[in-house]
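Work through the exercises below with the sequence and the model side by side. Each one sets a task and then solves it in steps.

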Amino acid sequence: MDALALCCGNTEITEGEGVETHRIGERPGKAEVDPLLDTLGDRRLVVAGTDADLAAVVLRLLRTEQLQEVAVGYVTSDRDSAVAELWGLPTEPRAALRRALRGEVDKVPLVRDDVGGVLVGRGRIGPVRGVAYCDDAKVLRGQASALEVVPHHALGLEVTVLRRGLLGTRRAVTTGRAVQIGCLPTLVWKDGVTHERQLDKWIWYRHTEDLRLIRGLD
């Protein structure tokens, strides 16, 4: 077998020669993922599902200290996937699987947060009233419709402050290695999933190790 494929939730892929497929739950945790990682060997790991599913599996790679060893392919079930948009991955299932199995490995930044999670696609905080810094640069003082964060190929992450007005939405973009915000309690989304409670502070930062994502030409 050349690859181990994890199909999360109701996601399905067309099994090909050399692909061992396992069905697991949405946003799987340690009990589901770790035993399968133990059987991976030097094969590619393919995650089929949503950005949140991918983040859950990547978190297990981080926790088991396998980020530097495992090449990860991604077959998104969401045509609006932020991960696919960021890294130029196909959203058509067959093309995405072909890329995951045949494409070249490329290291991309992995973003972590201060509550033990990871961000592989898009994070969002808001509406927000407070102060935010990206590295040493103050990117927000006051209120904004939202603050969005995505991984950035060079420095680690990209922060966008959105302010809506009569003339439309204004965007202020800053790149850096970390962003921290203190604010009135508000909502936090990570890879499409809302945090269980409102928070008044949050940090996203670039991890010391990158994710070995399969994204090159197949």
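**Exercise 1. Locate R43 and describe its surroundings.**

Step 1: R43 is found in the loop between α1 (30-37) and β3, where helices (H or I, at least four residues) and strands (E, at least two) are DSSP runs, numbered from the N terminus. Residues are numbered from 1 along each chain as its sequence is written. The model is predicted, so that local features need pLDDT of at least 70 and side-chain atom pairs count only at pLDDT 80 or more, while totals for chains, interfaces and linings use all residues, and side-chain values use heavy atoms, with hydrogens and water left out.

Step 2: With a relative accessible area of 11%, R43 is buried; buried means under 20% relative accessible area, exposed over 50%, and partly exposed in between (1.4 Å probe, protein chains only).

Step 3: The side chain of R43 makes a polar contact of 2.7 Å with the side chain of E20, and it also reaches the backbone oxygen of L40 at 3.1 Å. A polar contact is a pair of N or O atoms within 3.5 Å; within protein, one must be able to donate a hydrogen and the other to accept it, and residues adjacent in sequence count only if both atoms are side-chain atoms.

**Exercise 2. Determine which residues of helix α4 are buried, and what they pack against.**

Step 1: In α4, which spans residues 93-102, the buried residues are A95, A96, L97, R99 and A100.

Step 2: These buried residues pack against β3 (44-49), β4 (72-76) and β18 (211-214), contact being heavy atoms within 4.5 Å.

Step 3: At the N-terminal end, E92 caps α4, with a side-chain oxygen 3.1 Å from the backbone nitrogen of R94.

**Exercise 3. Trace the open sheet of 6 strands and explain what happens at its edges.**

Step 1: The strand order is β13-β12-β11-β8-β15-β16, with antiparallel pairing; two strands pair if DSSP finds at least two bridges between them.

Step 2: Because β13 (168-176) and β16 (193-194) each have a single partner strand, one side of each is left without a neighbour in the sheet.

Step 3: Within the sheet, β11 (residues 146-152) and β12 (residues 156-165) run antiparallel and are joined by 7 bridges, and V150 has E158 in β12 as its bridge partner.

**Exercise 4. Establish how many disulfides the structure holds.**

Step 1: Taking a disulfide as a pair of cysteine sulfur atoms within 2.5 Å, the structure holds 0.

Step 2: For C8, the nearest cysteine sulfur is that of C7, 7.5 Å away, and C8 counts as buried at 1% relative accessibility.
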